Amino acid sequence: MPVYNQSRNRFIKIIIALTFLIITVQLFKLQILPSRFQQMARENAIFAKIKYPERGIIYDRNGKAILNNIISYDLVVTPSETKGLNVPEFCSLLQIDTAEYNKKIAEAVFKNTALRPSVFLEQLSPLQKARFEENSWKFPGFTLVERPVRTFPYHAAAHILGYVREVDQKDIERSGNFYRQGDYIGKTGLEAYYEKILMGIRGVEYWIKDNKNRLVAHFEKGAYDTPAVAGRALKTYLDIELQQLAEKLMSNKLGGLVAIEPSTGGILAMVSGPTYNPNDLTGAQGGKNFARLQLDVTGPLLNRAINGLYEPGSTFKPLGALVALDEGLITPSYGYPCGGRYRGCGTGKPRCTHSGGGHSANLRNAIAYSCNSYFTHLYRLAVDNPKYKNVKVGYMKWREYMNLFGLGVRLGVDLPSENKGNIPDTTSYNRQYKGEWNSCTNLTLGIGQDQMQATPLQLANAMCIIANRGYYYTPHFVKSIEDETMEDSSLMNPFRKKHEVLTHIPDSAYEAVIDGMYDVVRIGTARVVNIPGIKICAKTGTAENYTIIHGRRVKLQNNSLFVCFAPKDTPKIAIAVCVQNAGYGAKWAGPIAKILIEKYLTDTLRKKTAAEAERISKAKLIPPHYRLLQYQTDSVRAYEWFKMTKDSSHIKKFRRQYWQDTTTSEPKLENEKNNKPNGKLYRKESDPLHLTFCNLNLYGRSKT
Amino acid sequence: MAVQKPEISKGTDWFLLSIYFLLVGIGLTAIFAVTYKEGDPVLQSFFRFKTDYSKQLYFFLAACFIGLMILLTDSKFFTATANLGYLSGILAMLLVFPFHSKVKGTESIIRLGAFNFQPAEFCKLFVALALAKYLSRPETDFSKTRSQLIASFIVLLPAALSVLQKETGLALVYFSFFIVMYREGLPAYILITGFAVAALIVASILVPPNTLALILSGIALVYIYVNRRRLKKKRGLLFTVLFLWLLCVGIQRFLVPYLFKHVLQKHQVERIFELFGKDNPYADEKENMKTENLRKKKESGTSYNVRQSKIAIGSGRIFGKGILSATQTRYDFVPEQRTDFIFCTIGEGFGFIGSIILLGLYLLMLFRIITIAEKQRSVFSRCYAYGVASVLFFHIAINIGMTVGLAPVIGIPLPFVSYGGTSLLTFSIMLFILLRLDADRQMILR
């Protein structure tokens with residue numbers, strides 16, 4: 001009976017059709033309705049590999065590359081492929097021990113799985129690289145991978161060029177997530193200021209990866225890939241040989257030095273003492289060296305040329321003279337009877353280095369012999385100018401002059417974090433003296449003291465203004481950018497604008513002051529600086545400064561300052577030098593400037609000058625109390641570490657060192673006879689666990 | 001006797017045959033898409049027998065050759081050898097126990113030289129034939145329970161053997177033959193009861209015992225409340241309901257735990273629970289602790305498969321990514337994608353439209369087979385055709401169901417499309433025999 005039960009065939013068909021319908025509905029759900037599956041598939045399979053461009057090269061004024069890239073090699077391992085590797089041989093070849101090998105392999109597996117390559121050793125030394133290359137066939141799973149590293153062929157200009165480091169969270173946020181974890185960014189110096197130009201344009205390669213995260217093929221044959229564009233080069237005004245010489249001269253000294261080409265504002269050399277070898281921060285030991293520099297109390301990472309605040313002292317005097325001349329308060333022949341001290345305010349202060357009559361018979365002499373009374377008097381004349389009726393109005397006018405000279409304002413150099421120095425406001429005096437003050441209160445402003453503070457860069461720039469007879473260009477390093485675009489021009493325009501700030505001061509006034517500065521070298525306080533055949537205009541400065549050690553105010557050696565420009569009629573270089581705690585301006589700062597001028601203008605050093613350079617470079621002028629400070633901060637850190645971790649090993653080290661020190665050579669304040677701390681107290685207080693911390697003066701800021 | 005001229009084209013259902021060729025073509029494309037590596041010479045590797053798609057191609061050629069042989073064979077041959085075939089099939093499955101080779105957790109494969117044979121896979125064919133033979137016997141009265149039991153035995157014996165070979169998925173396939181029996185008059189209530197018991201067992205695995213007991217009691221109470229008037233008149237019905245309730249709770253509370261504790265082996269219980277992605281509550285405490293991590297790994301493994309499979313299919317959208325740009329399947333994100341998860345490749349590469357076309361082809365094929373079945377004068381041919389349709393339907397539904405996340409992951413291939421020689425040959429032979437029988441549909445075969 002073939003028709004028997006035939007109705008059931010329909011039922012079976014319905015069941016089949018229903019099942020297919022359910023599957024279709026599910027397919028509709030998955031494939032037609034909006035879902036994240038496409039995104040998820042892409043996340044699974046597509047890997048955007050960033051191609052890093054080489055950073056731009058920086059050249060000096062003579063076209064020498066002072067910041068370049070070299071290829072360094074990382075040893076990369078794919079753990080799953082290292083089967084049959086002779087581990088002891090491998091380890092002895094690369095001079096690591098087997099325990100470290102195992103640890104690194106385990107780390108690599110943990111980080112990237114055994115199937116994907118991870119960095120085993122960063123930046124191989126040339127020896128390691130050579131050894132590995134020779135035997136690489138024996139070591140399956142290990143390969144060398146290139147990586148560009150910054151290099152400083154002249155080992156110089158660390159503070160100017162800066163350094164790159166891996167971005168931190170702040171950088172990433174600030175850039176709006178442009179940077180990613182593991183990217184490098186210029187942290188200081190030109191590397192930071194010109195980051196956008198130097199970094200180039202990152203490229204992206206889209207790769208397809210498989211289920212084991214191995215990259216298998218280019219996505220869509222590279223249709224969406226973008227190439228990496230190398231960073232553009234910068235041409236600077238720096239003279240690298242001059243820079244090297246300047247760094248040599250400033251070695252073992254605290255302070256700052258700036259040399260500017262007045263006609264362009266281009267910075268020829270800039271040194272902050274102490275400095276460091278920039279290559280120390282790039283190699284495999286970079287992190288370690290960086291930590292060491294950071295913990296050094298002399299602050300080698302700090303750029304004192306733009307951040308060190310110094311009282312200009314007598315180097316300020318030419319500016320005071322120009323103000324008085326411009327305001328018509330004096331003429332170049334104006335004389336002031338100085339008997340060795342200023343008695344205008346009844347205190348007999350300040351004193352004068354020279355007491356002989358006639359050293360302030362006219363402006364030229366007063367500058368040459370650096371008469372304190374004369375310039376204190378000029379300051380009071382300017383501030384108490386009857387034209388302004390009130391000392392406060394007069395002071396503000398004077399302050400305006402200072403700002404025009406570039407003091408107390410940020411100049412806008414192309415380095416990050418420039419300090420603007422300090423020319424105090426009337427409000428700060430009002431607060432300090434409850435509104436009751438006059439020109440006698442702050443009369444030492446006239447000789448660049450009181451609360452006046454300036455950076456070496458500002459002092460050098462002020463010299464440029466005098467050398468140029470009234471105008472300046474913002475001091476800067478970069479002359480031109482390779483393939484400059486419109487956007488770059490807007491970055492560079494501030495440096496190309498001539499600031500005619502004080503051109504209204506008559507040339508006769510400038511000539512009078514410049515003549516005085518010429519006499520400084522010819523007959524005055526800086527005769528040692530004289531170079532036959534070159535007319536140098538200069539001004540020495542010596543500023544007192546104090547610090548507090550163990551709660552006592554201690555007078556340190558004077559800061560040695562020197563500003564100058566040369567040659568007198570066609571100025572090619574203006575220099576400001578400050579050597580902290582070194583003595584008279586003419587003793588250290590002057591000769592340093594002189595050597596640099598000779599080097600820059602004659603391109604060579606005479607035998608005598610070379611010997612002098614050698615002598616100066618060997619002089620160690622870092623004040624001895626820094627040794628004590630280092631000891632204190634290190635031991636306090638050890639104590640903090642102990643408090644945090646209960647690990648006393650660091651403290652023990654200090655205790656041991658302390659006992660050795662007390663029995664053999666204790667850190668002493670050798671120079672300070674009057675204020676030598678009482679030995680008993682010193683011993684007790686310097687016990688690492690009982691140290692009290694004072695307001696430490698690290699960066700040459702004096703008079704707290 | 002007149003000499004019969006062997007004329008293949010006469011009576012052969014070309015429509016069904018073209019669907020078959022289309023499906024195999026789609027399968028070859030999909031396997032090619034999965035295994036092709038950039039830069040391989042396409043033609044060369046197609047004929048080298050090195051790559052999977054090349055192997056599949058040769059299997060297909062072999063299937064065509066065998067198919068040709070079948071079409072040239074007298075259809076009486078199949079009725080005559082059905083029982084013998086069945087016996088040899090069972091024998092082959094028994095031979096697996098001493099001679100199986102260890103392949104990937106299964107114990108169902110015999111290795112002969114370069115080829116792997118899986119008797120459980122091609123035994124379906126013999127079961128279909130034997131079942132048809134039994135049902136078409138003039139002396140079989142399928143309305144009798146005895147015949148029904150014998151038919152069930154024919155079907156379930158290889159299923160039991162498959163379970164012992166740790167091929168639960170293949171064992172389940174044999175249950176699809178109940179569709180044939182249903183068509184031939186197996187009372188519907190047996191199937192319903194079967195489904196109900198199966199559902200109850202699955203439910204007692206998935207739902208905590210007390211909750212399930214409460215649910216069952218709830219259902220019974222609701223039923224009694226709704227039919228309270230009728231129950232008053234008919235006391236017998238009330239007792240039936242109460243008896244059923246007791247039976248259900250009994251099965252759920254006592255029979256299932258008893259089965260798991262005393263009848264089934266530990267690893268089998270483990271597998272069953274694994275299938276549903278559940279903890280095995282019958283394992284010892286210690287063992288539970290020990291296998292905790294392993295289990296978690298396995299569980300996430302299963303769900304990983306399905307998740308990746310869904311991503312693959314879902315990311316295909318309407319038109320698909322194109323066959324060689326399907327990243328999910330080309331770069332091994334979906335495991336087993338040449339064999340059990342081949343549907344992903346189609347879903348990702350050809351999108352919704354491609355999937356629907358494939359589904360449509362399958363639906364056409366199934367309906368065509370059923371239509372053919374109903375055209376047969378011979379009960380043997382009809383039963384056999386239904387057998388083929390049932391097996392294909394089960395495979396298709398479960399396989400595609402698991403790739404789209406509707407069915408549990410059971411390792412059974414997609415007919416004609418999945419990579420695998422045994423599977424392709426078995427299904428092809430089944431289909432060719434059907435074509436051969438259909439060509440002789442006017443004949444009454446016994």
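How many residues lie between β16(A) and β17(A) in the hairpin that the two strands form? In this predicted model, the hairpin of β16(A) and β17(A) has 2 residues between its strands, and H550(A) in the turn has a positive phi of about 55°. The two strands, β16(A) and β17 (residues 552-566) of chain A, pair in the antiparallel sense over 12 bridges. Among the pairs, T547(A) has V554(A) of β17(A) as its bridge partner, and K539(A) stands opposite V563(A) of β17(A). Of the 13 residues of β16(A), 10 are buried, and the strand is thus mostly covered.

The hairpin belongs to an open sheet of 5 strands in chain A, with the order β12-β11-β18-β17-β16 and antiparallel pairing. Strands β12 (266-273) and β16 (537-549) of chain A are the edges of this sheet, each pairing on one side only. With direction ignored, neighbouring strands of the sheet are turned by 10° against each other on average. Helix α21(A) packs on the sheet, where it touches β11 (255-261), β12, β16, β17 and β18 (573-579) of chain A. The direction of α21(A) makes about 150° with that of β18(A). In general, the strands of a sheet pair through backbone hydrogen bonds, in either a parallel or an antiparallel manner.

Helix α21 (residues 589-602) of chain A also packs with helix α10 (residues 240-249) of chain A, at an angle of about 160° and with the axes 10 Å apart. Because of this angle, α10(A) is roughly antiparallel to α21(A). The crossing of α10(A) and α21(A) is right-handed. On the side of α10(A), the contact is made by L242(A), L245(A), A246(A) and L249(A); on the side of α21(A), it is made by I592(A), I595(A), L596(A), K599(A) and Y600(A). Sorted by class, the residues in the contact of α10(A) with α21(A) are 8 nonpolar, no polar and 1 charged.

The loops that flank these elements contain several backbone features. In the loop between β18 and α21 of chain A is N581(A), which has a positive phi of about 55° although it is not a glycine. N581(A) counts as buried because 23 other C-beta atoms lie within 10 Å. In the loop between α21 and α22 (607-618) of chain A lies D603(A), another residue other than glycine with a positive phi, here near 65°. D603(A), by contrast, counts as exposed because it has 10 C-beta neighbours inside 10 Å.

Cis peptide bonds were found at two prolines that lie in loops after strands of the 5-stranded sheet. One joins G273(A) and P274(A), with omega about -5°; P274(A) is in the loop between β12 and α11 (286-295) of chain A. The peptide bond from A566(A) to P567(A) is also cis, with omega near -15°, and P567(A) is in the loop between β17 and β18 of chain A.

Chain A also contains an open sheet of 3 strands, in the order β1-β8-β9 and with antiparallel pairing. Its edge strands are β1 (46-51) and β9 (215-218) of chain A, each of which pairs on one side only. From one strand to the next, the twist averages 45°. Strand β8 (residues 203-209) of chain A pairs with β9(A) in the antiparallel sense over 3 bridges, and W207(A) stands opposite H218(A) of β9(A).

Elsewhere in the chain, G63(A) has its place in the loop between β2 (58-59) and β3 (65-77) of chain A. G63(A) counts as exposed because it has 7 C-beta neighbours inside 10 Å. The C-alpha atoms of G63(A) and I240(A) are separated by 9.9 Å, although the two residues are 177 residues apart along the chain.

For chain A as a whole, the secondary structure comes to 25 helices and 18 strands. Of its 704 residues, 40% count as buried. Among the contacts in chain A with a separation of 6 or more, 73% are between residues 24 or more positions apart.

Chain A also meets a second chain. In this interface, 37 residues of chain B are in contact with 32 residues of chain A. On the side of chain B that touches chain A, the elements that give two or more residues are α8 (177-183), α14 (285-315), α15 (327-330), α16 (342-375) and α17 (379-403) of chain B. Helix α16(B) gives the most, with 10 residues. The residues on this side of chain B divide into 20 nonpolar, 9 polar and 8 charged.

Definitions and conventions:
Residues numbered from 1 in each chain as written. Chains lettered and ligands numbered in written order. Predicted model: local features only at pLDDT ≥ 70, side-chain atom pairs only at ≥ 80, totals over all residues. Contact = placed C-beta atoms within 7 Å. Helix = DSSP H or I, 4+ residues; strand = E, 2+ residues; numbered from the N terminus. Nonpolar A, V, L, I, M, F, W, Y, C, P; charged D, E, K, R; others polar. Axes fitted to C-alpha atoms, helices over the stretch in contact; angles between N-to-C directions. Parallel < 35°, antiparallel > 145°, perpendicular 65-115°, else oblique. Left-handed = near helix turned anticlockwise from the far one by under 90°. Buried ≥ 20, exposed ≤ 12 C-beta atoms within 10 Å, placed from the backbone. Pairing = 2+ DSSP bridges.
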